[in-house]
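Subject: Structure handover

Hello,

Here is the structure I promised to pass on. Please open it alongside this note and follow along.

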Amino acid sequence: DDETLIRCRLALDLYKTYLNTTWSPNVSPCELVIDGKYQGSYLLAEQIRVTDERVPDGYILSIELEEDEDDDVFRSEITKKIFVCQDPEAGSIGVRLFRSKEVVDDFEKLLFSENISDHKLVLDMIDLNSFADWFILNEIAKNEKGFDDECYLLVTADKKIKMGPIWDLGKYFGNLDNEDVEGWAVMNTPWISRLLNDETFSNLVYQRFQKVYASKESVMKMIDQYADEMKFSLLADEMLHDNLKSSEKHSASVLESYQREIGLLKEWLDARLYWLERSLRP
């Protein structure tokens, strides 16, 4: 669904390079061939799992719109979100479900409490930087499904909630039906909307966003570099999928269409960052 072939890689590397609160999957573009038949251009990514080299401890969860038949899941008491346990090697199913649900429910009770003293306890239950960075990256990409689908988080061994890592954002960054640069994506989701009422958190969000905004020129160069690296992959992939639908199928025409798509991505991202800078400013 991504005619630039780089949006997912861009999201993961933006997170890793400029925010970097938590481990983020290493990725690499690749050509997929099965039984000698070319299948197209893909992005090879590390799985999200608890290991010393990736997520060192705790329980990995994802928030999903619906559960699969074999999923180990629970629904939170207040928001009723579906949480799926993602790491089968993290202990027995019963222990993981019970401990994760207990932490999430305790957090939501404090977060949505009308007692002011409870609000002070909320920030102690979460990794603040990870929540801020998750919010920032999903807003930059304008991922309106950020809190509904493939939303990863970690319940740590010391019972803190840590957001991330991010995952597949190839459908966003102005792609498909998401071309408007203005408007919020995850600002009004249950957890974030409550946290943003706290001045400490809202100021942190703006400060960490500035790390990306101040590096805008480098981000645009990153896009150009990725596009240049993908040229040969693009030509083969286009013969298979005809995503660009260029009028002529010779290489010059395909590359011209591709550069136009890259230009549109950069134009959209520049305008999105500008809108966010004004809108997040305290």
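Below is what was found, topic by topic. One point before the details: this is a predicted model.

**Helix 1 and helix 4**

Start with a helix pair. Helix 1 covers residues 7-19, and helix 4 covers residues 128-141. The two pack at an angle of about 140°. Their axes are 11 Å apart. An angle over 145 would count as roughly antiparallel, and 65 to 115 as roughly perpendicular. The angle here fits neither range, so helix 1 is oblique to helix 4. The crossing is right-handed.

Which residues make the contact? Helix 1 supplies Ala-11, Leu-14, Tyr-15 and Leu-19. Helix 4 supplies Asp-133, Ile-136 and Leu-137. By type, six of these residues are nonpolar, none is polar and one is charged.

**Arg-208**

Next, look at Arg-208. Its place is in helix 6, residues 199-213. Is Arg-208 buried or exposed? It is buried, because its relative accessible area is 13%, and buried means under 20%. Leaving out residues up to four places away in sequence, Arg-208 touches Leu-19, Thr-21, Asn-129, Ala-132, Asp-133 and Ile-136. Some of these names will be familiar: Leu-19 belongs to the helix 1 side of the contact above, and Asp-133 and Ile-136 to the helix 4 side.

**Cysteines**

How many disulfides does a search of the whole structure find? Zero. A disulfide is a covalent bond between the sulfur atoms of two cysteines. The cut-off for the pair of sulfur atoms is within 2.5 Å.

Take Cys-8. The closest cysteine sulfur is in Cys-30, 12 Å away, so the two are too far apart for a bond. Cys-8 counts as buried, at 17% relative accessibility.

Cys-85 is in no disulfide either. The nearest cysteine sulfur to that of Cys-85 is 14 Å away, in Cys-151. Cys-85 is buried too, with a relative accessible area of 11%.

**Leu-235**

Last stop: Leu-235, in helix 8, which runs over residues 231-241. Leu-235 has 22% relative accessibility, so it counts as partly exposed. Which residues does Leu-235 touch, not counting those up to four places away in sequence? They are Ser-251, Val-254 and Leu-255. Ala-252 is also worth finding on screen. Leu-235 and Ala-252 are 17 residues apart in sequence. In space, their C-alpha atoms are 9.8 Å apart.

Best wishes

How values were computed: Residues are numbered from 1 along each chain as its sequence is written. This is a predicted model: local features need pLDDT of at least 70, side-chain atom pairs count only at pLDDT 80 or more; totals for chains, interfaces and linings use all residues. Side-chain values use heavy atoms; hydrogens and water are left out. Axes are lines fitted to C-alpha atoms, for helices over the stretch in contact, and angles run from 0 to 180 degrees between N-to-C directions. Helices (H or I, at least four residues) and strands (E, at least two) are DSSP runs, numbered from the N terminus. Angles under 35 degrees count as roughly parallel, over 145 as roughly antiparallel, 65 to 115 as roughly perpendicular and the rest as oblique. A crossing is left-handed if the near helix is turned anticlockwise from the far one by less than a right angle, and right-handed if clockwise. Contact means heavy atoms within 4.5 Å. Ala, Val, Leu, Ile, Met, Phe, Trp, Tyr, Cys and Pro count as nonpolar, Asp, Glu, Lys and Arg as charged, and the others, Gly among them, as polar. Buried means under 20% relative accessible area, exposed over 50%, partly exposed in between (1.4 Å probe, protein chains only).
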